[in-house]
Protein chains: 2
Amino acid sequence: MTKISFLTPGPSELYYTVPDHLKTALRDHVTEISHRGKAFQQIFAHATAQLRELMAIPDHFHIGFTSSATEIWERVIENLCETHSFHLVNGSFSKKFHEFAVQLKRQAVKYEVAPGLGFALDQLVVPAETELICLTQNETSTGVMMPLSDIYALRQQHPDKLIVVDAVSSAPYPDLDFSRIDSLFFSVQKCFGLPAGLGVWIFNDRCVAKAESMLTKGLSIGTYHTIPALVSNGQKNETPETPNMLGIYLLGKVAEDLNRRGIKAIRQETDYKAALLYATLAKQPGYEIAVQQAAHRSKTVIVANLVGQSSADFIAKCKLHGIVPGAGYGPFKNSQIRIANFPTHSREVFEKLVDLI
Amino acid sequence: MTKISFLTPGPSELYYTVPDHLKTALRDHVTEISHRGKAFQQIFAHATAQLRELMAIPDHFHIGFTSSATEIWERVIENLCETHSFHLVNGSFSKKFHEFAVQLKRQAVKYEVAPGLGFALDQLVVPAETELICLTQNETSTGVMMPLSDIYALRQQHPDKLIVVDAVSSAPYPDLDFSRIDSLFFSVQKCFGLPAGLGVWIFNDRCVAKAESMLTKGLSIGTYHTIPALVSNGQKNETPETPNMLGIYLLGKVAEDLNRRGIKAIRQETDYKAALLYATLAKQPGYEIAVQQAAHRSKTVIVANLVGQSSADFIAKCKLHGIVPGAGYGPFKNSQIRIANFPTHSREVFEKLVDLI
């Protein structure tokens with residue numbers, strides 16, 4: 001196939017081993033076997049074990065598979081919030097997470113800052129009745145990252161509330177201490193370089209207790225993708241429904257590939273590529289780093305304002321050289337570009353991109 | 001890869017063209033392109049157009065993609081039932097559909113018959129307040145089929161109620177007149193021979209009106225996979241979330257293959273293979289057709305009671321000849337076998353199976 005480097009922030013370029021894993025999957029009948037049989041249970045166990053190793057997920061955290069991170073927004077609210085959620089909003093996706101809670105008739109309070117800005121924790125007033133704090137660690141629409149130290153500070157201030165982290169377009173990059181959050185989720189078409197159609201939801205026993213207490217009160221927490229259903233099926237290395245078996249298989253294989261490479265090396269390489277690109281954007285005329293504060297600049301989704309050219313112009317120019325960058329999101333579609341910096345994207349492609357800039 | 005014929009009722013054998021379509025998908029970057037761009041919109045439009053042709057879906061029916069038919073059970077209740085649903089139950093899957101409505105706190109009434117039996121329409125009392133009648137046209141757990149004439153009779157008796165048809169393991173086999181139902185759904189790992197991870201939900205404007213009226217009343221109908229969200233995104237040939245793009249692509253390609261073969265020929269071949277297998281089961285000692293009434297015997301999932309051997313024995317014997325039949329479901333795991341009769345399963349494989357019986 002023609003080599004094109006998709007630097008779009010999701011769907012993005014496939015991890016380079018995926019085509020081979022797909023061949024093996026066909027040979028081994030991964031899509032044809034029963035989702036209640038031993039062979040699939042091994043695939044499930046392999047995927048979760050590789051993820052635990054890669055992201056240092058503690059034993060008392062459970063791993064559930066859904067069809068997307070979008071679905072997880074819904075499941076988080078249904079399972080972990082009886083009435084009051086609190087949302088940190090600084091872009092289109094954190095905004096949608098808040099809207100989901102409103103659609104599900106929760107008292108959903110938000111602290112919103114302008115796109116491109118991070119959060120000022122000292123201005124944050126979390127109402128006492130809040131059960132659940134929802135934050136987007138990496139805002140794919142604006143390229144704003146929330147520093148882990150801010151997440152830990154929130155936990156220290158609110159030990160009684162559940163903290164759920166949307167790491168859709170950053171996991172497994174952040175070297176996160178799971179003991180300081182309650183749940184984290186992501187989708188596989190970002191940093192894992194996999195076909196879309198799978199979301200990964202990681203949650204601890206406090207989340208299980210919350211969902212079960214809602215059930216005990218006679219509240220509805222959904223049907224097949226509830227936390228109790230994910231846990232009881234997960235204990236058998238199974239899923240409640242017939243899942244995207246191929247997606248789970250590929251996730252396990254790519255997580256294994258990433259483990260072989262080493263998460264430390266992957267993080268270092270991510271840092272290198274991000275530094276290279278940010279340095280170039282800072283000094284080249286016609287480009288501005290969109291996120292003002294350095295501490296809030298995402299390492300995995302790098303956003304720049306364009307001066308004197310549209311994103312369509314820039315993308316067209318890059319495509320001539322086999323590179324597809326992302327346009328801005330929503331209102332910034334024409335005036336910004338978004339560059340994914342995922343494990344599958346090589347230094348060489350970044351060096352080529354920097355030359356084009 | 002080793003040729004093994006999976007006659008399991010889902011996941012089942014891949015449609016034989018799928019490996020080639022997967023190669024093309026990789027070459028054309030189907031998993032890497034944007035789900036908001038023209039290339040994906042064409043994939044979406046192609047899939048829905050091919051489905052409309054294959055199943056004679058009228059224009060005033062919409063097609064929405066979810067992650068599974070299990071998900072559609074949930075979305076049907078959330079979007080189409082304010083308080084009162086009615087369920088025809090004759091096996092594990094129709095039972096779960098009813099349970100979903102209970103979990104979602106609806107007044108869900110069921111008319112239940114023993115596994116292996118069809119419904120006696122004259123004994124059916126549908127309460128007047130029923131908004132939604134849920135029926136399972138083909139019960140994958142028991143091999144009981146509901147004749148289309150019974151569905152049409154229900155419509156005639158209850159023109160004011162919405163009728164939703166679970167055709168998970170039969171579509172596109174039934175030559176259904178869509179004007180006599182309101183909604184139908186299926187999953188792709190059955191008759192379409194595709195990797196699991198995609199559900200197809202077909203619904204008419206009455207369903208849209210119902211969901212919108214619930215919204216107007218201030219009720220929650222969910223978040224991203226509501227009927228209004230599926231319709232408004234579908235009009236742009238898009239989905240609310242980043243979907244299983246590969247699954248939608250493959251569905252379009254296989255539906256096109258089936259259209260090329262012709263739905264009439266596929267139905268005839270299905271009838272031939274079913275007749276062959278039922279005739280053999282009827283006359284061979286050690287086997288009994290599980291569904292007593294001929295009119296209620298599924299053409300696509302054929303279930304037999306075993307006498308004098310366990311399903312494990314039978315399956316082991318078949319595996320030696322490269323055939324994998326399905327075991328019974330739930331309580332019938334050991335005492336029954338279930339044979340899928342899907343478009344990908346050839347006459348030759350059925351003739352081989354019949355020889356083994």
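In which sense, and over how many bridges, do strand β3 and β4 of chain B pair? In this predicted model, strand β3 (residues 84–89) and β4 of chain B pair in the parallel sense, and six bridges join them. One bridge of β3(B) can be given by residue: B:Val89 has B:Glu112 of β4(B) as its partner.

These two strands belong to an open sheet of seven strands in chain B, with the order β2-β10-β9-β8-β5-β3-β4 and mixed pairing. Its edges are formed by β2 (61–66) and β4 (107–112) of chain B, each of which pairs on one side only. On average, neighbouring strands of this sheet are turned by 20° against each other, direction ignored. Helix α4 of chain B packs on the sheet and touches β3, β4, β5 (132–136) and β9 (183–187) of chain B. The direction of α4(B) makes about 160° with that of β3(B).

In chain A, an open sheet of five strands has the order β1-β13-β14-β12-β11, again with mixed pairing. The edge strands here are β1 (5–7) and β11 (287–289) of chain A, and each pairs on one side only. Neighbouring strands in this sheet are turned by 35° against each other on average, with direction ignored. The edge strand β1(A) pairs with strand β13 (residues 323–327) of chain A in the parallel sense, over three bridges. Within this pairing, A:Phe6 has A:Val324 of β13(A) as its bridge partner. Helix α9 (residues 263–283) of chain A lies across β11, β12 (301–306) and β14 (336–340) of chain A. The helix α9(A) runs at about 10° to β12(A).

The two chains are in contact through 45 residues from chain B and 45 residues from chain A. The size of an interface is often given as the accessible area lost when the parts come together. Between chain B and chain A the buried area is about 3,900 Å², and carbon and sulfur atoms give 62% of this area. On the side of chain B, the residues that lose the most area to chain A are B:Leu26, B:Glu32 and B:Thr223, which together make up 16% of what that side buries.

Polar and charged groups also meet across this interface. Two salt bridges are found between chain B and chain A. In a salt bridge between the side chains of A:Glu74 and B:Arg75, the N to O distance is 2.9 Å. The count of residue pairs in polar contact between chain B and chain A is 10, with both residues at pLDDT 80 or more. Three elements of chain B give two or more residues each to the side that touches chain A: α1 (18–27), α3 (69–80) and α4 (92–103). Of these, α3(B) gives the most, with five residues. By class, the side of chain B that touches chain A has 17 nonpolar, 19 polar and nine charged residues.

Some backbone features lie in loops. Most residues other than glycine have a negative phi, and most peptide bonds are trans. In chain A, the peptide bond from A:Gly10 to A:Pro11 is cis, with omega near -10°, and A:Pro11 is located in the loop between β1 and α1 (18–27) of chain A. In chain B, the peptide bond from B:Ala171 to B:Pro172 is cis as well, with omega near 10°. B:Pro172 lies in the loop that connects β8 (162–166) and β9 of chain B. A:Ala56, a residue other than glycine, has a positive phi near 50°. A:Ala56 is part of the loop between α2 (38–55) and β2 (61–66) of chain A.

Terms used: Residues are numbered from 1 along each chain as its sequence is written. Chains are lettered from A and ligands numbered from 1 in the order in which they are written. This is a predicted model: local features need pLDDT of at least 70, side-chain atom pairs count only at pLDDT 80 or more; totals for chains, interfaces and linings use all residues. Side-chain values use heavy atoms; hydrogens and water are left out. Two strands pair if DSSP finds at least two bridges between them. Helices (H or I, at least four residues) and strands (E, at least two) are DSSP runs, numbered from the N terminus. Axes are lines fitted to C-alpha atoms, for helices over the stretch in contact, and angles run from 0 to 180 degrees between N-to-C directions. Contact means heavy atoms within 4.5 Å. Buried area is the accessible area (1.4 Å probe) that two parts lose on being put together, summed over both. A salt bridge is a side-chain nitrogen of Lys or Arg within 4 Å of a carboxyl oxygen of Asp or Glu. A polar contact is a pair of N or O atoms within 3.5 Å; within protein, one must be able to donate a hydrogen and the other to accept it, and residues adjacent in sequence count only if both atoms are side-chain atoms. Ala, Val, Leu, Ile, Met, Phe, Trp, Tyr, Cys and Pro count as nonpolar, Asp, Glu, Lys and Arg as charged, and the others, Gly among them, as polar.
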